[in-house]
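Biologist: I'm new to this one. Can you walk me through how the helices pack, and then the pocket?

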Amino acid sequence: MAQLNTKIKLYAEANGVANIDFRSDVMLQDDGDGVVYIKEWNLDIAEPTDEQLASYETAGNTEEANSTVIATRKNLYGTWESQLEEIYDDGIDSWKARIQQIKTDNPKG
């Protein structure tokens with residue numbers, strides 16, 4: 001199940017808002033029962049209904065899964081310094097093959 005903040009980001013992007021600060025624009029709250037809800041809405045677009053947010057469930061799941069894949073890939077790629085050293089030492093084709101294998105092993109959804 002996609003996180004509420006992910007669905008809110010997708011809703012906002014679809015309505016022309018590129019960035020959200022979850023400390024001032026939209027504040028979420030969990031009262032300890034595991035249910036997260038919108039406590040305060042300070043954007044210039046209408047606050048979404050539960051039905052509108054639910055419509056972003058699939059897209060939210062995809063976005064969250066892809067974020068995990070991207071983080072994994074970045075970790076496996078190594079720093080840009082180490083990648084440059086690899087290209088210098090082993091050649092660009094070796095580097096390209098390693099990067100492609102990382103992408104193959106960690107596909108986006």
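Modeller: Sure. Keep in mind that this is a predicted model. Start with helix α3, residues 57-77, and helix α5, residues 92-105. Their axes come within 10 Å and cross at roughly 155 degrees.

Biologist: How do α3 and α5 run relative to each other, then?

Modeller: Angles over 145 degrees count as roughly antiparallel, so α3 and α5 are roughly antiparallel to each other. The crossing of α3 past α5 is right-handed.

Biologist: Which residues make the contact?

Modeller: From α3, R73, L76 and Y77. From α5, R98, I99, I102 and K103.

Biologist: What classes do the residues in the contact of α3 with α5 fall into?

Modeller: Four are nonpolar and three are charged. No polar residue takes part.

Biologist: Stay with α5. At what angle do α4 and α5 cross?

Modeller: Roughly 130 degrees. Helix α4 covers residues 80-90, and its axis comes within 6 Å of that of α5. The two helices are therefore oblique to each other.

Biologist: Which residues of α4 and α5 meet?

Modeller: Q83, E86, I87 and D90 sit on the α4 side. On the α5 side you have I92, S94, W95, R98 and I99. Sorted by class, that contact has four nonpolar, two polar and three charged residues.

Biologist: R98 rings a bell.

Modeller: It should. R98 and I99 of α5 meet α4, and R98 and I99 are also part of the contact with α3.

Biologist: Now the other end. How far apart are the axes of α1 and α3?

Modeller: 9 Å, with a packing angle of about 110 degrees. α1 and α3 are therefore roughly perpendicular to each other. Their crossing is right-handed.

Biologist: And which residues meet there?

Modeller: T6, K7 and L10 in α1 meet E57, A59, G60, E63 and E64 in α3. That contact has two nonpolar, two polar and four charged residues.

Biologist: Switching topic. How much space lies in the largest pocket?

Modeller: About 220 Å³.

Biologist: Which elements each supply at least two residues of its lining?

Modeller: α1 (4-14), β2 (36-41) and α2 (50-54).

Biologist: Name the lining residues for me.

Modeller: L4, K7, G34, V35, V36, Y37, I38, E47, P48, D50, L53 and A54. Note K7: it lines the pocket, and K7 in α1 is also one of the residues meeting α3.

Biologist: How many of the lining residues are nonpolar?

Modeller: Eight. The lining also has one polar and three charged residues.

Definitions and conventions. Residues numbered from 1 in each chain as written. Predicted model: local features only at pLDDT ≥ 70, side-chain atom pairs only at ≥ 80, totals over all residues. Heavy atoms only, no water. 1 Å grid on protein atoms, 1.4 Å probe; cavity = no way out; pocket = protein on both sides within 12 Å on 5 of 7 lines; lining within 4 Å. Points joined across faces, edges and corners; volume = space filled by probe spheres on them. Helix = DSSP H or I, 4+ residues; strand = E, 2+ residues; numbered from the N terminus. Nonpolar A, V, L, I, M, F, W, Y, C, P; charged D, E, K, R; others polar. Axes fitted to C-alpha atoms, helices over the stretch in contact; angles between N-to-C directions. Parallel < 35°, antiparallel > 145°, perpendicular 65-115°, else oblique. Left-handed = near helix turned anticlockwise from the far one by under 90°. Contact = heavy atoms within 4.5 Å.
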